Amino acid sequence: MSAKVAPSLLSADFSCLRDEIKRIEKHGAEWVHLDIMDGHFVPSITIGPLVVKALRPHTELFMDAHLMVTDPERQVKPFVEAGLDLLTIQYEATAHLDRVLRIIKAAGIKTGVALNPATPPGVLDYIWPLLDLVLVMSVNPGEGGQEFIPAALPKIEALAREIKDRGLSTILEVDGGINRQNAREIIAAGATVLVAGSAVFKADNGMHLIREVSAFDFEA
Ligand code: DX5
Ligand code: ZN
């Protein structure tokens with residue numbers, strides 16, 4: 001089983017996002033991770049559907065959006081129309097999780113739910129059939145460049161076991177504080193997609209991490 005890196009544009013140069021996408025493409029990326037923050041669920045504000053729509057014609061990368069937005073049900077339509085491939089919402093950001101996931105699915109793109117570090121995996125018990133991806137937050141959402149929270153590892157292991165036991169093919173993505181030093185351990189715990197922002201865009205030879213991770217090989 002192999003894993004991949006989804007480079008997070010949050011740590012890219014925002015004055016030339018199109019060039020930054022070309023750079024990760026050149027280094028073998030298949031996904032690009034877009035962190036959408038609303039200044040409410042988290043203090044920062046990043047990008048909205050207009051930017052996604054502007055970038056869409058310039059890349060065929062799988063656009064993986066992570067909405068750190070309160071009441072995401074109000075934002076699904078413009079983001080889907082902007083051309084995303086997958087929309088992940090935060091479990092903690094809505095009282096209507098089942099409903100939002102159904103809206104996303106009905107719009108024809110893939111669904112994801114992100115769990116904050118303190119949120120237990122059991123909250124997914126009744127929505128597994130609606131999920132294409134689970135995102136384990138290994139930092140508290142809001143900014144790049146934070147340190148990986150080790151308690152995420154047993155959570156990844158528990159979720160990987162659950163996905164296997166249920167016979168599902170749900171993607172297990174992990175986000176926050178991932179770098180060249182800890183990537184192997186996170187994949188060994190069961191992650192299949194690693195989000196990395198600063199380790200790709202701000203570290204020495206960071207772009208090489210994309211191909212390095214794809215080359216790791218683990219027993220399924
Ligand atoms: C944090 C974001 C992450 C962030 C990861 O709220 O969801 O995607 O960009 O950045 P690094 O890899 O720097 O921890
Ligand atoms: Zn993210």
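Reader: What does it take for His33 and Asp175 to be called buried?

Author: Good place to start! In this predicted model, a residue is called buried when its relative accessible area is under 20%. His33 and Asp175 both fall in that class.

Reader: How do you know that Ser8 is buried or exposed?

Author: Here we can set a value against the cut-off. Ser8 has a relative accessible area of 4%, and the limit is under 20%, so Ser8 counts as buried. As for its place, Ser8 sits in the loop that runs between strand S1 (4–7) and helix H1 (17–26).

Reader: What makes the Ser8 and Asp35 pair a polar contact?

Author: Their side chains are joined at 2.6 Å, and the cut-off for a pair of N or O atoms is within 3.5 Å, so the distance condition is met. Asp35 also appears among the residues in contact with Ser8 when neighbours within four places in sequence are set aside, and the others are His33, Val195, Ala196, Gly197 and Phe201.

Reader: How do you know which atoms coordinate the zinc ion (ligand 2)?

Author: Donors must lie within 2.8 Å of this metal. His33 (NE2), Asp35 (OD), His66 (ND1) and Asp175 (OD) coordinate the zinc ion at 2.0 to 2.3 Å, so they qualify as donors. Along the chain, the spacing of the donors reads H-x1-D-x30-H-x108-D. His33 belongs to strand S2 (residues 31–37) and Asp175 to strand S7 (residues 171–175), so this pair ties together parts 142 residues apart in sequence.

Reader: Why is the site of the zinc ion (ligand 2) called octahedral?

Author: The site has 6 donor atoms, with angles of 68 to 168 degrees. For six donors, the label requires opposite donors over 155 degrees apart and all others between 65 and 115. The lowest angle, 68, is above 65, and the highest, 168, is above 155, so both ends of the range agree with the octahedral label. Ideal octahedral angles would be 90 or 180 degrees.

Reader: What makes the oxygen distances of ligand 1 to Gly142, Gly145 and Gly177 count as polar contacts?

Author: An oxygen atom of ligand 1 is 2.8 Å from a polar backbone atom of Gly142, and the value for Gly145 is 2.8 Å too. For Gly177, a backbone N or O atom lies 2.8 Å from an oxygen of the ligand. The limit is 3.5 Å, so these distances fall within it. Taken alone, ligand 1 exposes 380 Å², and the protein buries 100% of that.

Reader: Which strand gives the most residues to the shell around ligand 1?

Author: That is S2, with 3 residues.

Key: Residues are numbered from 1 along each chain as its sequence is written. Chains are lettered from A and ligands numbered from 1 in the order in which they are written. This is a predicted model: local features need pLDDT of at least 70, side-chain atom pairs count only at pLDDT 80 or more; totals for chains, interfaces and linings use all residues. Side-chain values use heavy atoms; hydrogens and water are left out. Helices (H or I, at least four residues) and strands (E, at least two) are DSSP runs, numbered from the N terminus. Buried means under 20% relative accessible area, exposed over 50%, partly exposed in between (1.4 Å probe, protein chains only). A polar contact is a pair of N or O atoms within 3.5 Å; within protein, one must be able to donate a hydrogen and the other to accept it, and residues adjacent in sequence count only if both atoms are side-chain atoms. Contact means heavy atoms within 4.5 Å. Donors are N, O and S atoms within 2.8 Å of the metal (3.2 Å for Na, K and Ca); water is not among the atoms, so sites may look incomplete. Four donors count as tetrahedral if all angles lie between 85 and 135 degrees; four count as square planar and six as octahedral if opposite donors are over 155 degrees apart and all others between 65 and 115; anything else is irregular. Accessible areas come from the Shrake-Rupley method with a 1.4 Å probe; for residues, only the protein chains shown count as cover.
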